[in-house]
Structure formats: C-alpha cells, structure tokens
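This report describes a single protein chain. It moves from aromatic pairs to a helix and then to the chain as a whole.

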Amino acid sequence: MRYSQFPLTTLKETPAEAEIVSHQLMLRAGLIRRLASGLFTWMPLGLKVLRKVEAVVREEMDRAGALELLMPAVQPAELWQETGRWEQYGPLLLRMSDRHDREFCFGPTHEEVITDVARRELRSYRQLPVNYYQIQTKFRDEIRPRFGVMRSREFVMKDAYSFDMDQEGLQASYQKMFEAYTAIFERLGLSFRVVDADSGEIGGSRSQEFHVIADSGEDAIAYCDDDNYAANIESAAIERPAEARPPAKQPLESVDTPDVRSIEALTQFLNVRPADTLKTLIVEGDEGPVALVLRGDHELNAVKAQKLPGVRSPLTMAGADSVRAATGVSPGFVGPVGLDMKTYFDHATATMADCVAGANEEDRHLTGVNFGRDIEETDTVDLRNVVAGDPTPGGNGTLSIARGIEVGHIFQLGDKYSRAMNATVLDSNGRERAMAMGCYGIGITRIVGAAIEQNHDEQGIVWPAALAPFDVVIVPINMDKSERVRTAAEELYRELEARNIDVLLDDRAARPGVKFADAELIGIPHRLVVSERNLDAGELEYRHRRDGESRNLKRDEALDLLPNG
C-alpha cells in the first residue's frame, strides 16, 4: 500500500474525550472515528487490524471443529420471552417494533436464536456433538459508554454454542474451546490469564474468563501462582478463618458521634483502625430489608451477596428512606446490636472483638461490641471482595491482585436454555432429552483495544506482530528530490510485495521526522529507511518498533529480519 493512496489522518494532540491510552491512540492513529456515544466507524487502518484478529479466531475455531454460521442481528421478542430474559435483561436490551408493531431487539447475545436453530435442525443424538459459531455485530445499550471500543454500545463479537447429549459431552466440548481460546491469545501475542468467574446474566454452572493483563483493566483478578489459582475478584472465594475469636476486653459503651456517617470519618473521630469497625449495609430482600455486616476496611461483593437466601437479585441497596423505615435511623448509624431483621455476617467478623459499630441511634456509635455478649454468635458467610494477602482457597499460598481486561468468556450452560425452549433430541433409547449447551464468547473489537493497552509507549502503539496493520514501512528520505532514492524505494516495495509481505510505502512529500513519528504512532513493527547515504554504502537503515536505536545493515541482512510472507 502506498501512503499517498491511503487516506490516513493522524492526530498530534490527544482528543479530549479519550480517557485511556487505547482510546487516545486509536483516535490519534486513525483506527477509529466516533459517530455517536458508544458508536465508532472503523477506518481502513483499524479494520485491517480487526480483520487480522478475526482471521486468527476463525482458524482456531475451525481447527477445533466448530461450524461457522451467521444469525440475524435483529431478534424477535418471542424467543427472549420463552427464556424469561425479555424482562430480566433490562435496559441493556435495545428494543424496537416493526411496522406491524411486532417487538424485536438488537441482539446483545444469541443464546435464544441458536437454541431455536438447534431445536429445528437437531433431532437425534447421532447428530451430536455440534458447535456453531459466528462473528457478528452486537449491541448493548450501556448506560455510560466509555473507554472507546473497550466499553462501546455496538461491538463485534465471536460467539460459539456447543450442543451435547449430556454433561460429560459438554465438558469435552468446553475443554476444546478452552484450548482453542488459549491458542488464539497465544497467537495474538498477548499476555493473559484464565480466571474462574461468575456466569452473570448468561447463566450456567461454570464459567472462565480470559483476561489481557493491563494496568488500565476494569476487572480485578486474584491469583496465586504457587497454588495455581486465578479468579475474577467477583468470584474469588474466602473461607472462614481458622483462628479463634479473641476474648472481650472492653465494656459496651455508647458514644456521641455527631454527623459521623462513614468508616473513614468514624476512624478519624474515634482514632480507631478501620479493621476494628463493623460496617452494616442494608439491602433489599424478597420479604423486607436484609442487613449485611462486614469489617469496616472490606468491600461488599455484590455477586456473592445477591446469591444469599432472601436477598434480592440483582443486589439493590436500600435507599435512605427505606433504611430509616426499617431501623429508625439514618444510614451511617446502623449497627448489628439489637437489629431486628435478617442479618448476614461476613467470615472476617468471626475473629473480631471489641468492635466499633453503629448504635441504631442518630449521631451515636457503640464501642466494645463483642459477639456472644452483645451480638449472638452465628454462622458467617462469604460477603466480601478478596484483597492482596488473603489465603488462597487451597490454602497453599496468598493472593495477589492484578488488573485485567476481559476479552473472552466461556460458559457451561447445561440445559438452562434448551429446557426452557424445548430443544430436545432422541437418545439411544428413543427418549427425548434436553441438550447440554456451552457458550463461548470473544470480544473481537475489545481485543484491539486491549492489545494497545498492553503494548504501547510514549510514541504510540507497539503492535504484536500478528496484529500489526502492516508488517513493514519503507521510509524514503527526500524521494521527491532524488530519483535514485525513489527508484530504490520502488524496487524494494515491489520486492516485498512479491514476497507477500504487508508493506506500506511512505511516498508522501513530508519531512523525515513526520514520517518517523507517524510510523511509530501507527506501530508498524519493521522500518526500512532508504537514503542517498545508505545507498552509497549498499545498506538500509533498519529499526524494529520495540528497539531503542536504528541499525545500518547490508540490504540482504536487513531483509532477512523481516517476516516471511
């Protein structure tokens, strides 16, 4: 490709709306352009990268035996009503009506559609197992689209769905997808971790996420290499501590704490540690409010909490008026002593003594709160997010926390959808059985952003080789003034094209510094500079995007460093 025939506009300044590095660099390098909130046009350069991701994904899915199809992006409401998700999915679902007032949605996912395909096409166990996949545009009406393509409303996704006769078959299909996903991210040159995860809105019995490790990641990952453990912080489990609770030393006292409503304010006012306080949160329950009690320095895990009996799902915090109606005091002064409602205590409270907690009186707290004396001893539950240093579930190490960007998620759905939609086949005894399903998603557009978050420097993008829009950029110096340089650059360009190397010839009448800056911003791995001085020496100036310095090499030596086409 010749730069003069490639309408690429790069930006020197960072656009004000871009919050993270990938969004900034994708706009500056001309990969995408914003159309509306959460909607982007993929420009030719960005589309080249996107297509490279798709190619690797297709090759590995095909190698794993999956069959590609293409389902409609617009889906009828009736299918979603069969599974109950028309109401459950909430405002993320973009709903619409046609001219006959029939309801549809723009698909955020395709479980219902593929299950409808399966119940129409699959009749016998002899047709199983089968795995269908597609690369399709999705739409989720995010309340606050942000971070460019990392959390946009419209995006491209690869989703696959396996159908098996039973759980054993599902596990085999799931393992194939696990191996295919591992191969995909390894081929794309990304540093990633696989973590146990919550199944969320998709549902199912088991799921794992594939995270690209990056400081800007939205998700926190808990891991321990010594225990071979990794989990999304939402699903990382904490066991009840083994050590015994220390004996009570302080008497129970009520103290005046005017307008002290937060743990931070409380610890400063009373000069105590957050770890010595009890935080009581009121949430909505199925039959009235429910109290959740944690150590003051710990954070509530909503995913864990909403699975507790009697707690409303999705988790909904009680408003100030509801808290006053249930407890008689404002939020911030609620505590577990004498609290008359269903209450859950986190595991960490099992080793606490002489605590500080809300007094259930306005502008007052209790000190010297102890279990067994002031609060009835009770079983505890896992309510909180893990933190660095917590023990692993296996007990063989402690957890570290890293940031990750979720780019893939695999689920064992079981018969959640097949039973709801009556997707059955006849088994070997002629009996109808609901098929066991798996679901496997990869965020194609998100991979591009995640790769940049993981691979960049002050000059711009540093693509892994498999994702680079071009393999090589040829930068002729003053080719508009030197016929010799022009001829040598054109010959080199044709030679590399003949070798099926994806090459960009920067034939613009621009200063060398501008050309070098654009090549680094775009992130092309290999750069060859053609100049009068190098031609005199029979050399080319070579630089890899990840190298600090350029090298003058004999022409053949420089070309040997380039990828094979």
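## Aromatic pairs

Phe106 has a relative accessibility of 17%, which is under the 20% limit, so Phe106 counts as buried. The model is a predicted one. Phe139 also counts as buried, at 8% relative accessibility.

Within the structure, the count of aromatic pairs comes to 12. In one of them, the ring centres of Phe106 and Phe139 are 5.7 Å apart and the planes meet at 50 degrees; an angle that is neither under 30 nor over 60 degrees makes the pair tilted. This pair joins distant parts of the chain, since Phe106 belongs to strand β6 (residues 103-106) and Phe139 to strand β7, with their positions 33 residues apart.

## A second pair and its cluster

Phe185 and Phe192 form another tilted pair, with ring centres 5.7 Å apart and planes at 50 degrees. Phe185 is buried, because its relative accessible area is 0%. Phe192 has a relative accessible area of 21% and is therefore partly exposed, as buried residues must fall under 20%.

Both residues belong to one aromatic cluster, which is formed by Phe178, Tyr181, Phe185, Phe192 and Phe210.

## Helix α2

Helix α2 covers residues 44-63, a run of 20 residues. At 1.5 Å a residue the helix should span 28 Å, and its end C-alpha atoms are 28 Å apart, so the expected and modelled spans agree. Just after α2, Gly65 adopts a positive phi of about 90 degrees.

The buried residues of α2 include Leu45, Val49, Leu50, Val53, Val56, Val57 and Met61. Gly46 is buried as well, and so are the charged residues Lys52, Glu54 and Glu60. Among the elements that cover the buried residues of α2 are the strands β2 (39-42), β7 (130-139) and β8 (154-164). The cover also includes the helices α6 (167-187), α11 (444-454) and α13 (512-522).

## The chain as a whole

The protein chain contains 15 helices and 29 strands. Its C-alpha atoms fill a box of roughly 95 × 70 × 50 Å along the principal axes. Of the 565 residues, 53% are buried. Among contacts with a separation of 6 or more, 68% are between residues 24 or more positions apart.

The accessible surface of the chain is about 25,800 Å², and carbon and sulfur atoms account for 46% of that area. The chain carries 66 positive and 91 negative side chains. The centres of these two sets lie 4 Å apart.

Notes: Residues are numbered from 1 along each chain as its sequence is written. This is a predicted model: local features need pLDDT of at least 70, side-chain atom pairs count only at pLDDT 80 or more; totals for chains, interfaces and linings use all residues. Side-chain values use heavy atoms; hydrogens and water are left out. Helices (H or I, at least four residues) and strands (E, at least two) are DSSP runs, numbered from the N terminus. Buried means under 20% relative accessible area, exposed over 50%, partly exposed in between (1.4 Å probe, protein chains only). Contact means heavy atoms within 4.5 Å. Accessible areas come from the Shrake-Rupley method with a 1.4 Å probe; for residues, only the protein chains shown count as cover. The place of a charge is taken as NZ of Lys, CZ of Arg, CG of Asp or CD of Glu. The expected span of a helix is 1.5 Å times one less than its number of residues. Rings of Phe, Tyr and Trp (its six-membered ring) pair if their centres lie within 6.5 Å; planes under 30 degrees apart count as stacked, over 60 as edge-to-face and the rest as tilted.
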